[in-house]
Amino acid sequence: MLMPNDFFPPFSEQEYANRYRTIRAGMKEKGLDCLVVYGAYHWGGTDTGQVNSQYLANYTPIPHSYVVLPLVEEPSLFVSFALHADNARECGAIADVRVGGFDLITAVGQRLKELKLEKGRIGIVGPLPSWWTITLPHEHHVHLTQTFPNAAFETVTDWYEDFRLMKSDEELARLEQAGALCDVGHEEIFLASKPDVRHSDLRNILDGVANRFGGRYPFSHIGSTSMTNPDRFYPDFFPTHRQLKAGEVVTTEVTLGYGLYFGKIWGCYFIGEPTPEYRKMFETAVAVHDKAIAEIKPGMCGRDIDKWAEPFREAGYISGLPLLSGWSTYNHRPHAGVVADPKIPSRITQKDLDWVYQPGQSVTIVAFPVIPGTKKGLWVGTTCYFTKDGLKKIHAYPVTKLRVVPV
C-alpha cells in the first residue's frame, strides 16, 4: 500500500487514519451507518479525477469507482477490472480492493448486505464538488433503492465536502509544492509568448512542465484578444490555433499540482503596451487583489467579503467571478465578494453568506473587473489558504506585476 508514484503520491498512513476517524465522527453525529462514495469524471486535463473517492482511497480506477466506508468496519474500494486490482492495492490507501465488473453497483450492494444495512441509513457522496449536484448514475440509483427498499438513502456530498475543505499540515505542504509548479509553468508561458505563437503551443508548454516535474493538471485556460476591439474577456478552456498578436491582452488560468492538489494562477499580461483603459483595469484589479489578501482574516464570514470588491463598483466595473472562491482540488463553495451584473443570476447562496472562514481552508482570490456591456475585462488571481492570522499565498509568481511582451 501507498507505494510512491506520480499519479497518486501518497500521504502518511496517519493522514488517512485521521480522515477516516474525522469523517466517522461526523457520520455518528449525523446518524449514518455507512457512506457510499461514487468516483467518476475529470476535467479534460491530465489529472486522474474522482476527487471524493480518491480522498479516501488514494487511487482512481477506470472508468469509475466506489468507496464504501462503514461506520466501524474497514473501507472497501471497488474497481471494474480484475487485472487492475493489484495496482490499486499497491498505490492505494485501502487494503480491501474488490472487483465489481463493469457495473460495480451489484458488488457494492453485496457489500452493504454483508454489513447488514438492509435497514441502514446510508449517505451518498457524488463524484464532484457538491454545487454540480451530480450523484449516482440512474441505473445505480435504481439498483440500490430496489435492492434496499427499507434503507434510508441521503445525499450528503455537501456535508462530506466540508471535511475536505479543512486541510491538514500534510495537505498544505502538498499545496505549497503545487504552487511552486504553477509558478514555473506560468513563467515558461510568459517567456514563450510573442506575436504569432499559437494558444495551443502555450498550453502544450504546461504539459511539458507538469511531466518534467512529475505533476498533473486538471485544466487550464489560455486566450488573447485585441484591446481596441476585444471579442472576449474569458480565455479558452481548450485552446485553439489562434495566434497572439500585437496589441492583445493575454489571460491565463494555470492549474498544476500533484495528486489532486493544485495551485491556480489567474494571470494577465500584454503583447505590447496596454491601452489606458486596460492599464486602469489591471491597476484596479491589482489593488483589489492585494488589499483582499492583506486584510481578509479567519473568523470573517461570506457577507463580509463584498466590501473588498467595492472598488470595482466605484470604478464602474462589474465582477466576472466572485472575489473569493473555495479551492479544494477544484472550484467549490464558498463563493463571496461580487459586484453583480443584474442580467446574470448570482451564484451566491445563503450558505455562502453565512460561511465562516477558518485556518486550513484553501481559497482563490481573483480580482476580475469587467466593463459592463462590453467584452473588456481581465483578471489577477492567486491561490491562498487561511492561517490563524490571515491569508497566505502559495505562489511566488509576480501576478500583480504589469508584464509586457515587447513587439
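How many positive and how many negative side chains does the protein chain have, and how far apart do the centres of the two sets lie? In this predicted model, the protein chain carries 42 positive and 46 negative side chains. The centres of these two sets are 2 Å apart.

The overall fold was examined next. The secondary structure of the protein chain consists of 11 helices and 19 strands. Its C-alpha trace extends over about 70 × 40 × 35 Å along the principal axes. The radius of gyration is 22 Å. This agrees with a compact globule, because 407 residues packed in that way would give a value near 22 Å. Of the 407 residues, 57% are buried. Contacts with a separation of 6 or more were also considered. Residues 24 or more positions apart account for 70% of these contacts. The exposed surface of the protein chain comes to about 16,600 Å². Carbon and sulfur atoms supply 55% of that surface.

Two residues were then followed in detail. Val363 belongs to strand S15, which covers residues 362–367. Its relative accessibility is 2%, so Val363 counts as buried, the cut-off being under 20%. Beyond its neighbours within four places in sequence, Val363 contacts residues on both sides of its own position in the chain numbering. Leu324, Ser325, Gly326 and Trp327 are among the lower-numbered partners. Thr382, Thr383, Cys384, Phe386 and Leu391 are among the higher-numbered ones. Val363 and Pro334 are separated by 29 residues in sequence, and their C-alpha atoms lie 8.8 Å apart in space.

His395 sits in a loop. Strand S18 (391–393) and strand S19 (404–405) flank that loop. His395 has a relative accessible area of 10% and is therefore buried, again by the cut-off of under 20%. Its side chain takes part in polar interactions. The side chain of His395 makes a polar contact with the side chain of Asp183 at 3.2 Å. The side chain of His395 also reaches the backbone oxygen of Gly179, at 3.2 Å. Both Gly179 and Asp183 appear in the list of residues that His395 touches, once those up to four places away in sequence are set aside. Cys182 is in that list too. Further contacts of His395 are made with Gly263, Lys264 and Ile265. Thr382 and Thr383 complete the set for His395.

The two environments can be linked. Thr382 and Thr383 are in contact with Val363, and His395 touches Thr382 and Thr383 as well.

Technical notes. Residues numbered from 1 in each chain as written. Predicted model: local features only at pLDDT ≥ 70, side-chain atom pairs only at ≥ 80, totals over all residues. Heavy atoms only, no water. Helix = DSSP H or I, 4+ residues; strand = E, 2+ residues; numbered from the N terminus. Buried < 20%, exposed > 50% of the residue type's maximum accessible area, 1.4 Å probe, protein only. Contact = heavy atoms within 4.5 Å. Polar contact = N/O pair within 3.5 Å; in protein donor to acceptor, adjacent residues only side chain to side chain. Rg over C-alpha atoms; globule rule 2.2 N^0.38 Å. Areas by Shrake-Rupley, 256 points an atom, 1.4 Å probe, with all protein chains shown as cover. Lys, Arg positive; Asp, Glu negative; His and termini not counted. Charge placed at Lys NZ, Arg CZ, Asp CG, Glu CD.
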